[in-house]
Amino acid sequence: MARDSQAALVALNRFGFGARGGASGDLINAASDPRGFVKAELSRPNGVLLEAPGLQSTPQLGQAVFAYQDQVKQAREAAAKAGAPTEAPPPQAPSDQKPGLRRNLSLNAAATEIAGQMAEAKPTDSKPADTMAKPDTMQPNMAAPPAAKPAPQPLNVIQKTFRTEALARLQRATLVECGFTERLVVFWSNHFCISASKGELARIWAGAFEREAIRPHVLGRFADMLKAVEQHPAMLFFLDNQQSLGPDSRAGQNRKRGLNENLAREIMELHTLGVGGGYTQEDVTSLARIITGWTFAGRQGGLGTPGSFAFNVNAHQPGPQVLLGRTYEPTGLAQGEAALADIARHPSTANFIATKLVRHLVADDPPQALVARLRDVFAKTDGDLKAMATALVDSDEAWKAPLTKMRSPYDFVVASGRLLARVPEDPGGYLNNLNLLGQPLWSPAGPNGFPDTTAAWAAPEGMKLRLDIAAQMGARLGNNIDPLDLLEFAAADAASIETRRTIERAESRQQALALLLMSPEMQRR
Amino acid sequence: MIDCVENRLLTSRRGLLLGGASFAAWAYLPKFARAADGRDPRLIVVILRGALDGLSTVAPVGDPDYAGLHGSIALASDGAHPAIMLDSFFALHPAMPEFARMYRDKHAAVIHAVATPYRDRSHFDGQDVLESGYAGPGRVQSGWLNRALEALPRGERVSSGLAVGPTTPLVLRGNAPTVGWAPVALPQADDDTAMRLVDLYRHRDPALAMALSQGLQLDKVASGDDMKPKGGNQVAQMRQVARGAAKLMAADDGPRIAALAFDGWDTHANEGGPVGRLAFLLGGLDGALAEFESGLGERWRDTVVVVATEFGRTARINGTDGTDHGTATVALLAGGAVKGGRVISDWPGLKLANLYEARDLKPTTDLRSVIKGVLQGQFGLSDRVLAETVFPDSASARPMKGLVA
């Protein structure tokens, strides 16, 4: 087959995460058989899984948080006994920066003092003081000159885990051949997002949630992914379902507490039917009742292994429930599973998912014919996501639509790393850049995830920050590379004359690299 | 590779800042800004994302059903943390002493039982309606504030920008150019590189050329030392963003019209009463209003700050000492130009039969009327422009008169 560099850009940038530099030959391979290049990954469903040394299961990580919280508590009590100053406003309401700092610093000091005693009690960590720092609040005040900066605080188990998970994901994204399935992982992870900023459990579970609930089903069935997501402790925590009690359940009666409809609403609005998908407020409340009792086992383990999904029959609302016109008999956990299975194959779900996929992979304004085709594939295959992905690759629209979508910040940093053929060893720089560009990893502002439109990512301030970041990369790495070689890897003869000329005429290799990373060929997909 | 940012500390803090708040401003001065009468109006729109519980912000303590419905989190005019009585019926949350002072000075007002035309309970559609100014949710890519700007006579370009974070809030997105600024600790690309890239974009990608050019123009005034974000917590960040916005807007050549958004108001569980989570956030908002007042100095006299949210929350607390998505809520106005000292409300009552769908405070005032009243009072926009362009198909929501002194 003739080489088609323009189609290679579609294969590499629209479907994948960009061409890898070095000896990968990605562009040439993609240009010879663009569709085959993309589809190759679809035949390796196990390749989507992410297993690496040091990555732990959700229950293990939950237990690590419980142990960490116990240690913090002990440290606080020890400090109080020792007469150290203790200012402890309620955890959700630190009243001001300074008291917050003081509290944590004194906490840390106390922790260090007694660290020796605890070293042996700790299950997962060999360095005693490591688990005591608190995220975000431990850093010295900005006003302090950098020279006077004290030694950085060691990371606690939550921060460490977050970075380990981030690194594993970034390495996979950098190394993988095309990146289509990794793109699908990121898409589904954002569709079913949680936010690490919800709290310590969400932060430590963010990576495990994706590995356990998303990856196994990216080329599987939507209904299976839906069930895995809604029963994952991270999601139950993120959308408060562990607090929701059936008003007539034993726990609800005893504790005089009741429903929280947060998760139920977002299941229908954001995960399946979509807004306007044909459900009412009554349906939201009904689903909330149906999934009461869906929780995770706490530190005492009364409901099962601490940190694992649990169905708490004592919190479950008794009786049949009517949802979307159908009655669900009181079958305990099975009641909710039956409801989810039906919602998963609802026509509105097919439409919602098809629309979002086409928006992500083709255009902000999704071509309706392609949406309709995907909707049919979803309906006919009972939500087979591999069939959906294949239909996208087989479509003409995906290959003909101009490359006008803006790379998201995550796309941008990953594509840059791939082109520069640098395997990340420390996630810190990536995480900082994602924060700067408004897409902090696994931490969207709301349960609707990060936006997926060009308008959101091509804003003035965002573009300027991208340039600043590209200039930093150029300054640091430009010395050792030939930007024109990189341009060959990235776009070859699909590069515009203007881009090529701009790079050729740059005043330095550093500048040339910055301009290449910012070129339309690297920014659009 | 991308671990190129030397100062992790600064940038990660900035990331935090942007995570909790963002703002943007119009790139031009209104032409009448320096007109002979000396009035130089400023407008700041604050969007509270997540749906503010209006019944906990300005509590109808005089309504016999309020305490029962709001249960464990209800405010009261007595007790350890008494709410601040605004009149004989409504009481302000005790976390807002600065707003209370402005109210007493007649520079702050409350509009209660207010809602946009949106009647479902999705945050995202609700925010779309609130910010787009259209009667229903849709994929509109422009906001009412931007369209209001298009109707204003355009004067000089502002020389100091402010804003945004990497994204512009929908309310200010659209054809009228906006500027952005964010407190940057990252070393910046040099001008030559930037100009070469703008040149490339001009030839190959005009949309990116425009975005990047705007992004490059900003800064200066805002980049003073005290503009660097200090806060590690959300309240400090809210104050910080407000202080930065006020500093830029106080300048003679600074922006006159800006929008910012604060996240985090979705209080489904453990919302808290006089103290607790919502109290904490309201304290941050109160602090931000105080920062606007002090930072704008003389200009506060001509300023209106509008605080609005996508919808309210259930009148009755849910099973987890929080509130679920509801309908009507409050809008707040603050500023020297506000004809304040009033709670404006056609109070619907909280009897079950009076609640919207037997669960939410019933809307009796259209939020668009409030905003139209402010836009008319501050900038003299006509009824027609407001009803057709700024808020399409909104003729029935007449501008509220007399909000601006």
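At what angle do the axes of helix H4 (residues 58–81) of chain A and helix H6 (residues 157–175) of chain A cross? In this predicted model, the two axes come within 10 Å and cross at roughly 155 degrees. Because angles over 145 degrees count as roughly antiparallel, H4(A) is roughly antiparallel to H6(A). On the side of H4(A), the contact is made by Leu61(A), Ala64(A), Val65(A) and Tyr68(A), and these meet Val157(A), Ile158(A) and Thr161(A) of H6(A). Sorted by character, the residues of this contact comprise six nonpolar, one polar and no charged.

From this pair of helices the reader can turn to the nonpolar cores. The largest nonpolar core has 161 residues, and those with the most contacts inside it are Leu287(A) and Leu374(A). Among the contributing elements, helix H8 (residues 200–214) of chain A gives the most to this core, namely nine residues. A second core, separate from the largest one, has 113 residues, including Ala95(B), Tyr118(B), Ala261(B) and Leu282(B). Returning to Leu287(A), and leaving aside residues up to four places away in sequence, one finds that Leu287(A) touches Ala264(A), Ile267(A), Met268(A), Leu323(A) and Ala339(A).

Elsewhere in chain A, Gly428(A) lies in helix H20, which covers residues 428–436 of that chain. Gly428(A) is partly exposed, because 17 other C-beta atoms lie within 10 Å, whereas a buried residue would need 20 or more and an exposed one 12 or fewer. Along the chain Gly428(A) and Ala166(A) are 262 residues apart, yet their C-alpha atoms are separated by 9.2 Å.

Chain B can be described as a whole before its less confident stretches are considered. The secondary structure of chain B comes to twelve helices and 14 strands, and of the 405 residues in this chain, 66% are buried. When the contacts in chain B between residues at least 6 apart in sequence are taken together, 76% of them join residues at least 24 apart.

As for confidence, the pLDDT of chain B averages 84, and 84% of the residues score at least 70. Over residues 160–166 of chain B, however, pLDDT stays under 50, although the model has 51 contacts beyond four places in sequence for this stretch. Residues 219–232 of chain B likewise have a pLDDT below 50, and for them the model has 40 contacts beyond near neighbours in sequence. For the model itself, the scores are ipTM 0.80 and pTM 0.73.

Note on methods. Residues numbered from 1 in each chain as written. Chains lettered and ligands numbered in written order. Predicted model: local features only at pLDDT ≥ 70, side-chain atom pairs only at ≥ 80, totals over all residues. Core = buried A, V, L, I, M, F, W, Y, C linked by C-beta atoms within 7 Å. Helix = DSSP H or I, 4+ residues; strand = E, 2+ residues; numbered from the N terminus. Contact = placed C-beta atoms within 7 Å. Axes fitted to C-alpha atoms, helices over the stretch in contact; angles between N-to-C directions. Parallel < 35°, antiparallel > 145°, perpendicular 65-115°, else oblique. Nonpolar A, V, L, I, M, F, W, Y, C, P; charged D, E, K, R; others polar. pLDDT = per-residue confidence, 0-100.
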